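Q: I should like to learn how to read the packing of a protein model. Where should one begin?

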Amino acid sequence: MTTDLRVSLGSLTLPNPVLVAAGTFGYGVEFQRALHVDQLGGLVTKTLTRAPRTGNPPPRLVETPSGMLNSVGLQNPGLDAFLRDILPGVKGLGVPVIVSVLGESPDDVACMVRTLDGADGVDAIELNLSCPNLNTRHETGDMRQETSLKSQVSSLKSDLMVAQDPEATEAVVRAARAATRKPLIAKLSPDVTDITPIARAAEGAGADALAVGNTFTGMSLDPVRRGSRLGSMTGGLSGPAIRPLAVYRVWRVARAVRCPVVGIGGIVTAEDAMEFLLAGATAVAVGTATFADPSAPLKVLRGLHRYLTRTNCPSLRDVIGRLTPCAQPPRD
């Protein structure tokens, strides 16, 4: 039986629903010898900022039970260097390219998005509104600057990420929407009491799809040294440990908005991906699993194909959001 795995995120049609999550797969070109990158549904690049960032001090990764904490701090070469030196190679991978960006203000985001709007080989743009492990101090060239990536959004409290505030989320997405006609994906934070108002704000401001979500902020402390096991005090928790929490947030968001949702969080197998699809996700992104097995995204894809074949589903659309109602408890 022929199965149709195609999905759409706004005007962007993907050959299948399996993406790789930003920050876990570099810029794609690094993995060419490890797997057939062109078989992926899409590639989400490591997040870019306008100026280069050296990131946080090491150590940047620490294993936790069923997961991992990272505190990379968005190390990247900056937007101009990416366009000049990296994008030509990414374009040759033969896969839809979604470029992830983070700006210091709505105007900064709009400037980056406007530049990417004119770049050949960029199929969509992801707005990273939810990075939990940024230091307020970073390096730009030889200059060290004190800056807050959050305080420049006037409606946002200084101790919150953009995606923890509906007004700030709306401001950034609206600025980006005015700067491009390319599909926009707003990446939201799971670290909120109620994600639905923020999801609605992003959709209302013009996001074509929502990525739900990112890592959870966490800590790992060494009792002997009485300090953090990371170079910074906190990091972002990812991996199978967060999957039930992520599936729940996808389910909440998918019922609250009409735009497509990309499910992210602890996906290792096709069964994991099916949880997100049943909860209402249109696509999924594999992240931390690639650290142990770079071919994990393609194993997930093959597993989804086998599932559809085994259950006689001709299209992935027959699965998305198709949860069976919970059985009612027996009456006394």
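**Reading the packing**

A: Begin with the inventory: the protein has 8 helices and 18 strands. Please note that this is a predicted model.

Q: What percentage of the residues is buried, and what share of the contacts joins residues 24 or more positions apart?

A: Of the 332 residues in the protein, 57% are buried. Among contacts with a separation of 6 or more, 71% are between residues 24 or more positions apart.

Q: Which residues touch the most other members of the largest nonpolar core?

A: In soluble globular proteins, nonpolar side chains tend to be buried together. Here the largest nonpolar core holds 96 residues, and Leu127, Leu129, Leu188 and Leu210 touch the most other members.

Q: What does Leucine 210 touch, leaving aside residues up to four places away in sequence?

A: Its partners include Ile185, Ala186 and Leu188, then Ala199, Ala202 and Glu203. Also among the residues touched by Leucine 210 are Val253, Val257, Cys259, Pro260, Val261 and Val262.

Q: How should one describe helix H2 against helix H3?

A: Two packed helices are described by the angle between their axes and the distance between the axes. The axes of H2 (residues 106-117) and H3 (residues 166-177) come within 8 Å and cross at roughly 30 degrees. Angles under 35 degrees count as roughly parallel, and H2 and H3 are therefore roughly parallel to each other. The crossing of H2 past H3 is right-handed.

Q: Which residues meet where H2 and H3 are in contact?

A: From H2, Pro106, Val109, Ala110 and Val113 meet Ala171, Val172, Ala175 and Ala176 of H3. By class, this contact has 8 nonpolar residues, with no polar and no charged ones.

Notes. Residues numbered from 1 in each chain as written. Predicted model: local features only at pLDDT ≥ 70, side-chain atom pairs only at ≥ 80, totals over all residues. Heavy atoms only, no water. Core = buried A, V, L, I, M, F, W, Y, C linked by side-chain atoms within 4.5 Å. Buried < 20%, exposed > 50% of the residue type's maximum accessible area, 1.4 Å probe, protein only. Contact = heavy atoms within 4.5 Å. Axes fitted to C-alpha atoms, helices over the stretch in contact; angles between N-to-C directions. Helix = DSSP H or I, 4+ residues; strand = E, 2+ residues; numbered from the N terminus. Parallel < 35°, antiparallel > 145°, perpendicular 65-115°, else oblique. Left-handed = near helix turned anticlockwise from the far one by under 90°. Nonpolar A, V, L, I, M, F, W, Y, C, P; charged D, E, K, R; others polar.
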